[in-house]
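This report covers cysteine pairing, one acidic side chain and one surface patch. The sequence and model come first.

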Amino acid sequence: MKLQQSVLEHPFNTELAAGTLSRQRFQFYLAQDSRYLIGFGRALAVAAARAPEPDAVAFFAGAAREAVVVERALHEGYFERFGLSEADLDAIETSPTCLGYTSYLLAVSATGSYGELVAALLPCFWVYQHVGSHILAGQEPGADNPYQAWIDTYADDDFAAAVRSCQEAADRAAEVADGATRQRMLAAFTRASEYEWLFWDSAYRLEEWPTRQLTSRFPPS
């Protein structure tokens, strides 16, 4: 897929792979991702509640916990390592892309079918595993990368197993869906994949609200 290749080639990820990504950009990414994970976890919980098979219920419920508890623990380790305090985090405003992506997932969970929701959730699993494993495969032995913990998390075999579980849930939903629903699933998968690219890009650009000067009297959210 051209979009996945574009994610790999994005400066955020090429510099992360080389260990040269600026601390400011990674901090901005962590702040946005920690907020995204709350919405992602809620959407996963909805998928668990609506899943027709017990295996899918267990997977999505476990993934919701992982998103909110385990991945946030990874972030907190980086917050400490890079000296990012709660006050520093609060000073980083939620970006338009972060708000748009989480709002999209929550909208699909509220108004879309189960199949559409699973299709919208899949890119977050799949893209991260693709990026992490690609970076790890290209590293020299003994490479000293300040972002190694992030790379190892998403190149891990356990995370790859989670990706397969989400893929299988999407495949099962597509198998029992009619043609119109499958088209909506494809549209949801594509839109979420686009948001994944936008998320990396917005972090690299340290994205701000272009209307900030017009609303400066209101506190940021």
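How many disulfides does the structure hold? The structure, which is a predicted model, holds zero disulfides.

## Cysteines

Cysteine 98 has its closest cysteine sulfur in cysteine 124, at 11 Å, which is too far for a bond. A disulfide requires two cysteine sulfur atoms within 2.5 Å, so at 11 Å cysteine 98 and cysteine 124 do not form one. Cysteine 124 is likewise in no disulfide: the nearest cysteine sulfur to that of cysteine 124 belongs to cysteine 166 and is 9.2 Å away.

Cysteine 98 is buried, with a relative accessibility of 2%. Cysteine 124 also counts as buried, with a relative accessible area of 9%.

## Glutamate 207

Glutamate 207 is found in the segment that follows helix 10 (179-204). With 12% relative accessibility, glutamate 207 counts as buried, because the cut-off for buried is under 20%.

The side chain of glutamate 207 makes a polar contact of 3.0 Å with the side chain of threonine 97. When neighbours within four places in sequence are set aside, glutamate 207 is in contact with Phe28, Ser95, Pro96, Thr97 and Ser202.

## Surface patch at valine 70

Val68, Val69 and Val70 make a nonpolar surface patch of about 190 Å². Valine 70 is part of helix 4, which spans residues 54-81.

Valine 70 is partly exposed, its relative accessible area being 38%. That value passes the patch requirement of over 30%, so valine 70 can be counted in the patch.

Notes: Residues are numbered from 1 along each chain as its sequence is written. This is a predicted model: local features need pLDDT of at least 70, side-chain atom pairs count only at pLDDT 80 or more; totals for chains, interfaces and linings use all residues. Side-chain values use heavy atoms; hydrogens and water are left out. Patches are made of residues with over 30% relative accessible area and no salt bridge: like charges are joined within 9 Å, nonpolar side chains (Val, Leu, Ile, Met, Phe, Trp, Tyr) within 5 Å. Accessible areas come from the Shrake-Rupley method with a 1.4 Å probe; for residues, only the protein chains shown count as cover. A salt bridge is a side-chain nitrogen of Lys or Arg within 4 Å of a carboxyl oxygen of Asp or Glu. Helices (H or I, at least four residues) and strands (E, at least two) are DSSP runs, numbered from the N terminus. Buried means under 20% relative accessible area, exposed over 50%, partly exposed in between (1.4 Å probe, protein chains only). A polar contact is a pair of N or O atoms within 3.5 Å; within protein, one must be able to donate a hydrogen and the other to accept it, and residues adjacent in sequence count only if both atoms are side-chain atoms. Contact means heavy atoms within 4.5 Å.
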